[in-house]
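Reader: Could you walk me through this one, and show me how each label is earned?

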Amino acid sequence: MVWLIIIFILLFVISPVMWLKPNPRQKRQQSLRSHIAKQGVVIKMEKPPLHHFKGLMPAYRWRYPHDEQGPDFLLVRNSHASEALEPYYAGWRWRIAPLRPLPEAAISPLKSLLERLPQDALVVQSTSHTLTLWWWESQTAERFTTYLPEFQKLRDALRGCADLPNKKPLVVNERPRRRY
C-alpha cells in the first residue's frame, strides 16, 4: 500500500511537468520560427487586420529600408473576405488597394506568391515600413524557405514606392525676439 501511495505522489508531481512539455506541433512551429528568423524575417504574434477576428495570429514581416518606404495595401484570401471587396488574383481580394499602380517588377512576384501560398495564409499586407504575411504556420521550415526569395524580391520591388513620401520635419526659421 505504501508503494502505491509513493507512485501516486510521484505521478502527481510529474504530471504538471508533462503538460509543460511542447507537443509536436509546437516543436515544429518553434523550429520554423527560429529558422525563418535567422533569414531576417521578424515574427510576432499580433491581432491580424481581419474583421471580427478575436485572438492573435503569427505575422511574418520583411522590413523596408528606412529611407525607401513601401506602399500601403492589404490583400485578403476569399475565404475571409467580403464579396463586396474587389477581386485581385488567384482567390485574393483587395481590402485596401494601393493608391498608385504597383511597379511592374512587383506584380510578377506578388502573383506568384498568391498562387503558391498555403491555404492558411490569410492576409498579405504592405505598410510604409513592412511587408507582412499573416498565416497559421501549417508548413515546415524547409517548405516555407522556398517562399523567401519571392518575398525578398517583392519587398525589393516595392521599396521606395511609398504612397506618401517620407516627410521631413517642418523647420521654422526662428528670429530672435525683440525686447521692449
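Reader: What makes a group of residues here the largest nonpolar core, and how many residues has it?

Author: The largest nonpolar core has 29 residues, and those with the most contacts inside it are Tyr 60, Trp 62, Leu 117, Val 124, Leu 133 and Phe 144. A nonpolar core is a set of buried Ala, Val, Leu, Ile, Met, Phe, Trp, Tyr and Cys residues joined through side-chain atoms within 4.5 Å. Buried means under 20% relative accessible area, exposed means over 50%, and partly exposed is in between (1.4 Å probe, protein chains only). Helix 5 (residues 148-158) gives the most to this core, namely five residues. A second, separate core of 10 residues includes Phe 53, Ala 59, Leu 122 and Val 123.

Before we go on, a word on ground rules: this is a predicted model, where local features need pLDDT of at least 70 and side-chain atom pairs count only at pLDDT 80 or more, while totals for chains, interfaces and linings use all residues. Residues are numbered from 1 along each chain as its sequence is written, and side-chain values use heavy atoms, with hydrogens and water left out.

Reader: What counts as a helix or a strand, and how many are there?

Author: Helices (H or I, at least four residues) and strands (E, at least two) are DSSP runs, numbered from the N terminus. On that basis the protein has five helices and seven strands, in the order α-α-β-β-β-β-β-α-β-β-α-α along the sequence.

Reader: Which residues of helix 5 are buried?

Author: They are Leu 148, Glu 150, Phe 151, Leu 154, Arg 155, Ala 157 and Leu 158. Just after helix 5 comes Gly 160, with a positive phi near 85°.

Reader: Which residues does Trp 62 touch?

Author: Contact means heavy atoms within 4.5 Å. Setting aside neighbours within four places in sequence, Trp 62 is in contact with Val 41, His 129, Thr 130, Leu 131, Leu 133, Phe 144, Leu 148, Phe 151, Gln 152 and Arg 155.

Reader: Why is Thr 130 called buried?

Author: Its relative accessibility is 6%, and the cut-off is under 20%, so Thr 130 counts as buried. Thr 130 is found in strand 7 (residues 130-135). Not counting residues up to four places away in sequence, Thr 130 touches Arg 61, Trp 62, Arg 63, Tyr 64 and Gln 125.

Reader: What makes the pair of Thr 130 and Thr 132 a polar contact?

Author: A polar contact is a pair of N or O atoms within 3.5 Å; within protein, one must be able to donate a hydrogen and the other to accept it, and residues adjacent in sequence count only if both atoms are side-chain atoms. The side chains of Thr 130 and Thr 132 come in at 3.4 Å, so the pair makes the cut.

Reader: Why is Val 13 called exposed?

Author: Val 13, in helix 1 (residues 2-20), has 53% relative accessibility, and the bar is over 50%, so Val 13 counts as exposed.

Reader: Buried or exposed: what is His 52?

Author: His 52 has a relative accessible area of 83%, so it is exposed. His 52 is in the loop between strand 1 (42-46) and strand 2 (57-63), and has a positive phi of about 60° although it is not a glycine.

Reader: Why is Ala 90 called partly exposed?

Author: Its 41% lies between the 20% and 50% cut-offs, so Ala 90 is partly exposed. Ala 90 is in the loop between strand 4 (86-89) and strand 5 (92-96), and its phi is positive too, about 50°.
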